[in-house]
Amino acid sequence: PITLLDVFQEHARRRPRWPLLRFQDEVYTYEDMERRSNRAARLLSRHLGLQPGQTVAVFLPNEPTYVWTWLALAKLGCLMACLNCNVRGRALQHALAAARATLVLASPGEWLPSRVGGDEIWGAERT
């Protein structure tokens, strides 16, 4: 089956300089996103040891970083649990528990509960 990542990579190969995303005053091309997502995938793999099949909860605002994070995780074969960054309290705890993620990626300075249902969630492996 063809995935969204496959479609993105085909466009990046054929039309690298075409605009993909406009955010505020910046325009990101397919080439920009390919380069940034490759770099993010290398960093996530090297520094966090992400492996194919792991679930990663992503708690990021709707900004370009979200897009290249998603692409990076897809390139690594990781599943992405999208968390609404406007949700807090019990609803956020429920979403984190339901995701059963092995890692949470969040914006710098973002507060997340350190435990969900008695399990560590910030960068800890679930058993």
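Guide: A strand here is a DSSP run of E, at least two residues in length, and strands are numbered from the N terminus. Threonine 55 has its place in one such run, strand S3. One caution: this model is predicted.

Visitor: Why is threonine 55 called buried?

Guide: Buried means under 20% relative accessible area. Threonine 55 has 17%, so it counts as buried.

Visitor: What does threonine 55 touch, not counting residues up to four places away in sequence?

Guide: Its partners are Leu79, Ala81, Ala99, Arg100, Ala101, Thr102 and Leu103.

Visitor: Arg100 is on that list. What is said of the phi of arginine 100?

Guide: Its phi is positive, about 50°, although arginine 100 is not a glycine. Most residues other than glycine have a negative phi. Arginine 100 lies in the loop between helix H4 (89-99) and S5.

Visitor: What makes arginine 100 count as exposed?

Guide: Exposed means over 50% relative accessible area. Arginine 100 has 52%, so it counts as exposed.

Visitor: Which residue of the loop between S1 and strand S2 (26-29) should I look at?

Guide: Look at glutamine 24. Glutamine 24 also has a positive phi, about 55°, without being a glycine. Its relative accessibility is 66%, so it counts as exposed.

Visitor: Back to the strands. How do you know that S3 and S5 pair?

Guide: Two strands pair if DSSP finds at least two bridges between them. Strand S3 (residues 55-59) and S5 have four bridges, in the parallel sense. In one of them, valine 58 has leucine 105 of S5 as its partner.

Visitor: In what order do the strands of the open sheet run?

Guide: The order is S4-S3-S5, three strands with parallel pairing. The twist averages 30° from one strand to the next.

Visitor: What makes S4 and S5 edge strands?

Guide: Strand S4 (79-82) and strand S5 (103-106) each pair on one side only.

Visitor: Now the helices. Why are H1 and H3 called roughly perpendicular?

Guide: Angles of 65 to 115 degrees count as roughly perpendicular. The axes of helix H1 (residues 4-14) and helix H3 (residues 64-76) cross at roughly 110°, and they come within 10 Å. H1 and H3 are therefore roughly perpendicular to each other.

Visitor: Which residues make the contact?

Guide: From H1 come Leu4, Leu5, Phe8 and Gln9; from H3 come Trp70, Leu71, Ala74 and Lys75. These divide into six nonpolar, one polar and one charged.

Visitor: How do you know that the buried residues Leu5, Phe8 and Ala12 are on the same side of H1?

Guide: Look at the directions from the helix axis to the C-beta atoms. They cover an arc of only 60° around the axis, which puts these residues on the same side of H1. The buried residues of H1 pack against strand S1 (19-23), helix H2 (30-48) and H3. On the other side of H1, Arg13 and Arg14 are exposed.

Visitor: What makes leucine 73 count as buried?

Guide: The cut-off is under 20% relative accessible area. Leucine 73 has 0% relative accessibility, so it counts as buried. Leucine 73 lies in helix H3.

Visitor: What is leucine 73 in contact with, leaving aside neighbours within four places in sequence?

Guide: Its contacts are Leu44, Leu50, Val56, Val58, Cys78 and Met80. Contact means heavy atoms within 4.5 Å. The C-alpha atoms of leucine 73 and serine 37 are separated by 8.5 Å, and these two residues are 36 residues apart along the chain.

Terms used:
Residues numbered from 1 in each chain as written. Predicted model: local features only at pLDDT ≥ 70, side-chain atom pairs only at ≥ 80, totals over all residues. Heavy atoms only, no water. Axes fitted to C-alpha atoms, helices over the stretch in contact; angles between N-to-C directions. Parallel < 35°, antiparallel > 145°, perpendicular 65-115°, else oblique. Nonpolar A, V, L, I, M, F, W, Y, C, P; charged D, E, K, R; others polar. Buried < 20%, exposed > 50% of the residue type's maximum accessible area, 1.4 Å probe, protein only.
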